[in-house]
Amino acid sequence: MVEMGQQSVYYPVKDFGIRVRTLARKVHYHPEFNAETLENDIALLELVTPIAEFNKSLVPACIWAQDKFPVNQFQTNGYVPFEETDEETERTLQRYATADVLDECVEKVPQHQICAGFPTALVPNSCHNSIGSAMSRSLYSFDRFFEYIFAINSRGENCGFNMPTVYTVIAPFNKSLVPACIWAQDKFPVNQFQTNGYVPFEETDEETERTLQRYATADVLDECVEKVPQHQICAGFPTALVPNSCHNSIGSAMSRSLYSFDRFFEYIFAINSRGENCGFNMPTVYTVIAPYVQWIDSTKYYGDRCKNGNGVEGTCVGLTQCARLAEEVKSDQSSADAQLAAGSCSFELGDMTVCCTERDLLRNETYREQLAEATAEIDACPQLYHEFRKNKSPYKIDNFPTYPYLVRIHDEGEHSCNGTLISKQFVLTTAMCYRKLAEDKVTVVVGNSTKHNFSLHRAITHPQYGENPMEFNMVLLMLKTPVTVTNETIPACLWHNQTHTPLRLQEVYANPNYTHQYRYPLFNKECLRRNVANVTDMHLCVEKDSMFYQGFMRNDVDGGNALVSHFAQGVEEYQVTYLVGLYGAERTIKLESNDGDNDFGENPPIRYYGVYQRISEYYSWIKHVISVEMQYD
């Protein structure tokens, strides 16, 4: 039985359908746990059913993964004095205290264990250690507190008051699942590597035994006993085993930890292709990875960064969108150059696909200045227009918000779309919303409060857009004349970091007046766990940010809404707005109880989620299109 969400009260308590009690399906003990010495005293409990929804009473803790602690004092807990009573309510009520981590323990403890306690003493048996509880601490980051756990209570008495409590540090065990590096060089740095196979299981069908792995150090042989294909090697052991006593783990890696930059990195060198007895009686055949590194990294999609045949970086686009190469092919000057430019791009479009470099973008010398200006507007955006930017509000809520980047797109009918000004002559919005407008009658209204109308010169829809609103659903609108940047009109910068997303986000739109509401990003796997949507790396899943007590409006119609984040730039802390996401879809999830009971009656609570398109995934395409279009008169 697992109890969660306690707040000085006892079962039964429910909050948004989450029970305080649930069952554990399985306990995953550390494989090297020693019950006598308590070495590697750590375990994972797998619940029978996942938590349906987190709330203010029940949230997951972050794990501190660094070797060094950021502070010396932590929160620990134990049972309140209960005079050996059997009353369940009193026995399970917890009390918390602040403990100091000691430089050393009174007695010797196993590796990865520390001691924490208090300088005062209590009457013996007056506070009972909560074995298995966490040593935790709230740390302030990104304008809010996050609860971190650092160690697990392994043993002790009196909650660490008379004798320090022994804790098992979590960080060393959190590193058991990390991505490996690929060794990309032709020559191996060492001759011995780690290989693995199944433990002897006497042909049993017991899953626990069949999947348990054992590792050994194998030598790479100068040559194989039998002939093997190119890029394959043999590795094995000088000793022999009884046949069928160790089964090869086909597909596993031949690996080795290498020391670099003051730490060890795990590298993989080859993949187990075939063999018996784990290489003891007959060497195992491995396929070396290095020759295939380029192939592994070769799959590129429209708008992705790429390298041409000469190794120069560019963007994957159709040939007609790569000015210099298109001109050369048209005049039949250098078809070989066009084939070389295909590089690592590998996707299907009606047009020939090339990796277009900055050199290939330039149509001719006449347009060099326009190309340089267009590139600078995108790349150097955070450093531009400071004379017109306001100072970023130091408070969580800006009481005087402005939207100089937000535009409205109208036709003569009832439909309209929101858009985001991303350069002086380009606006970004969703293709689904824009297609509802009469293109020949479109007007773009620019300006925070002083409105100015601009005519449309051209609309460029992402070539891979279909009918799915969550993929490639964007269109670039080129204005006939550039806007004049003032305090009322400032382009938003494009967020192009593909690994990090800002925590504080605003969904901006006109309804009909310009406004915003706060959103909070979720990990994609959390979005999938809640069955919100089939999200991919190109999507950003967000929900209402409950830190702000504001009304929430569900925007379930594609209106070209933008997801932005504000940063302070430079010493003067000018507010720079980044466009982080573009509308994809809105999802509604009805909350359900963990045990299937109808705990909410006829009206279960509803959670709203937004699925946005990540601008960072389209950054190269947007920049490329602008660079091309700016070279036409």
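A disulfide here is a pair of cysteine sulfur atoms within 2.5 Å. A search of the whole structure turns up six of them. The model is predicted, so local features need pLDDT of at least 70 and side-chain atom pairs count only at pLDDT 80 or more, while totals for chains, interfaces and linings use all residues. Residues are numbered from 1 along each chain as its sequence is written, and side-chain values use heavy atoms, with hydrogens and water left out.

**View A. The disulfide of Cys322 and Cys356.** The two sulfur atoms sit 2.1 Å apart. Turn about the S-S bond and you get 85°, a right-handed link. This pair links distant parts of the chain, 34 residues apart: Cys322 is in the loop between β24 (313-318) and α5 (323-330), and Cys356 is in strand β25 (residues 353-357). Helices (H or I, at least four residues) and strands (E, at least two) are DSSP runs, numbered from the N terminus. How buried are the two ends, Cys322 and Cys356? Cys322 has a relative accessible area of 0%, and Cys356 has 2%, so each counts as buried (under 20% relative accessible area; exposed is over 50%, partly exposed in between; 1.4 Å probe, protein chains only).

**View B. The disulfide of Cys417 and Cys433.** Here the sulfur atoms are 2.0 Å apart. The torsion about the S-S bond is about -105°, so this disulfide is left-handed. Cys417 belongs to strand β27 (residues 416-423) and Cys433 to helix α9 (residues 431-434); the pair links distant parts of the chain, 16 residues apart. Both Cys417 and Cys433 are buried.

**View C. The disulfide of Cys527 and Cys541.** Sulfur to sulfur, this one spans 1.9 Å. With 45° about the S-S bond, the link is right-handed. Cys527 lies in helix α10 (residues 524-529) and Cys541 in strand β35 (residues 539-544), so the pair ties together parts that are 14 residues apart in sequence. Cys527 counts as buried because its relative accessibility is 0%. Cys541 is also at 0% relative accessibility, and so it counts as buried too.

**View D. Two cysteines, Cys62 and Cys181.** Are they buried or exposed, Cys62 and Cys181? Neither label fits: Cys62 is partly exposed, with a relative accessible area of 28%, and Cys181 is partly exposed, with a relative accessible area of 28%.
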